[in-house]
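User: Please take me through this model and justify each structural label against its definition.

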Amino acid sequence: MSYELKALIGSWDLLKVVAAEVPVARVARLEQGLALIPMTDLLFDTVAEHGGLVQPGFTAFPGGFGRRLVAWSQSSPIGYVEAHYVEGSGTQRAAVWVDGRLVLGPLACTSGQPFPEDGSPISQALRRIGAERTAEADEFDGVGLARHSRLVDWPAD
């Protein structure tokens, strides 16, 4: 079984603004008032600055994209997350911007490493964006990120 996620995560209201500014972006609702925009190849190509390389610490974060996240985070926290697992082995990466500043990350964790006491990189990012852990689930499951295992399935949600 595999799992892939490369996405912006923030409030539904903020990501609707992002999608209006970048029309190729597709917003999918999550639980707890959050939403995500998958980082598709088309979105990557649209927002990457000419000649920009992938941001260190990530596999699909377009060069120069951090400037947009700084601007968008002026009104509400926004995060960028990546997860890639195949048969239980893989990695998670996450970062969060608030009030125009990078406030978390980039964090990374590879399978075989225990998650930090604060939780997985993605759970930590979700918490900074406003997600809450429940008695039944951590932030990752609480917002519904396990709903789809393939990136291409999110826009149709």
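**Labels and their grounds**

User: Why is Arg68 called partly exposed?

Analyst: The relative accessible area of Arg68 is 28%. Buried means under 20% and exposed means over 50%, with partly exposed in between (1.4 Å probe, protein chains only), so Arg68 is partly exposed. This is a predicted model, in which local features need pLDDT of at least 70 and side-chain atom pairs count only at pLDDT 80 or more, while totals for chains, interfaces and linings use all residues. Residues are numbered from 1 along each chain as its sequence is written, and side-chain values use heavy atoms, with hydrogens and water left out.

User: What makes Arg68 and Glu21 a salt bridge?

Analyst: A salt bridge requires a side-chain nitrogen of Lys or Arg within 4 Å of a carboxyl oxygen of Asp or Glu. For Arg68 and Glu21 the closest N and O atoms are 3.7 Å apart, and the pair therefore qualifies. Arg68 belongs to helix α3 (residues 65-72) and Glu21 to helix α1 (residues 12-21), so the bridge ties together parts that are 47 residues apart in sequence. Glu21, at 46% relative accessibility, is also partly exposed. Five salt bridges are found in the whole structure.

User: How do you know that Arg93 and Glu82 form a salt bridge, and what does the pair tie together?

Analyst: Their closest N and O atoms are 4.0 Å apart, which satisfies the cut-off. Arg93 lies in strand β5 (residues 89-98) and Glu82 in strand β4 (residues 78-86), so the bridge ties together parts that are eleven residues apart in sequence. Glu82 counts as buried, at 3% relative accessibility.

User: What supports the salt bridge of Arg127 with Glu139?

Analyst: The closest N and O atoms of Arg127 and Glu139 are 2.6 Å apart. The pair links distant parts of the chain, with Arg127 in helix α4 (residues 121-129) and Glu139 in helix α5 (residues 139-142), twelve residues apart. Arg127 is partly exposed at 33% relative accessibility, whereas Glu139 is buried at 2% relative accessible area. A network of salt bridges links Arg127, Arg133 and Glu139.

User: What makes β4 and β5 a strand pair?

Analyst: Two strands pair if DSSP finds at least two bridges between them. β4 and β5 have nine bridges in the antiparallel sense, and the pairing is therefore established. One of the bridges has His84 with Thr91 of β5 as its partner. The hairpin of β4 and β5 has two residues between the strands, and Glu87 takes a positive phi near 50° there.

User: Which strand is joined to β5 by seven bridges?

Analyst: Strand β6 (residues 101-110) is joined to β5 by seven bridges and runs antiparallel to it. Thr91 has Thr110 of β6 as its bridge partner, and Trp97 has Leu102. The hairpin of β5 and β6 also has two residues between the strands, with Asp99 at a positive phi near 50°.

User: Why is β5 described as mostly covered?

Analyst: Nine of the ten residues in β5 are buried. For the whole protein, buried residues make up 48% of the 157 residues.

User: What makes the set around Leu8, Trp72 and Ile78 a nonpolar core?

Analyst: A nonpolar core is a set of buried Ala, Val, Leu, Ile, Met, Phe, Trp, Tyr and Cys residues joined through side-chain atoms within 4.5 Å. The largest such core has 24 residues, and Leu8, Trp72 and Ile78 have the most contacts inside it. At least two residues of this core come from each of α1, β3 (34-38), α2 (41-47), α3, β4 and β5, with α1 giving the most, four residues. A second, separate core of 23 residues includes Ala83, Tyr85, Ala131 and Val143.

User: Which residues does Trp72 touch?

Analyst: Contact means heavy atoms within 4.5 Å. Leaving aside residues up to four places away in sequence, Trp72 touches Leu8, Leu14, Val18, Glu21, Val22, Phe65 and Ile78.

User: How many helices and strands are there in the protein?

Analyst: There are five helices and six strands, in the order β-α-β-β-α-α-β-β-β-α-α from the N terminus. Helices (H or I, at least four residues) and strands (E, at least two) are DSSP runs, numbered from the N terminus.
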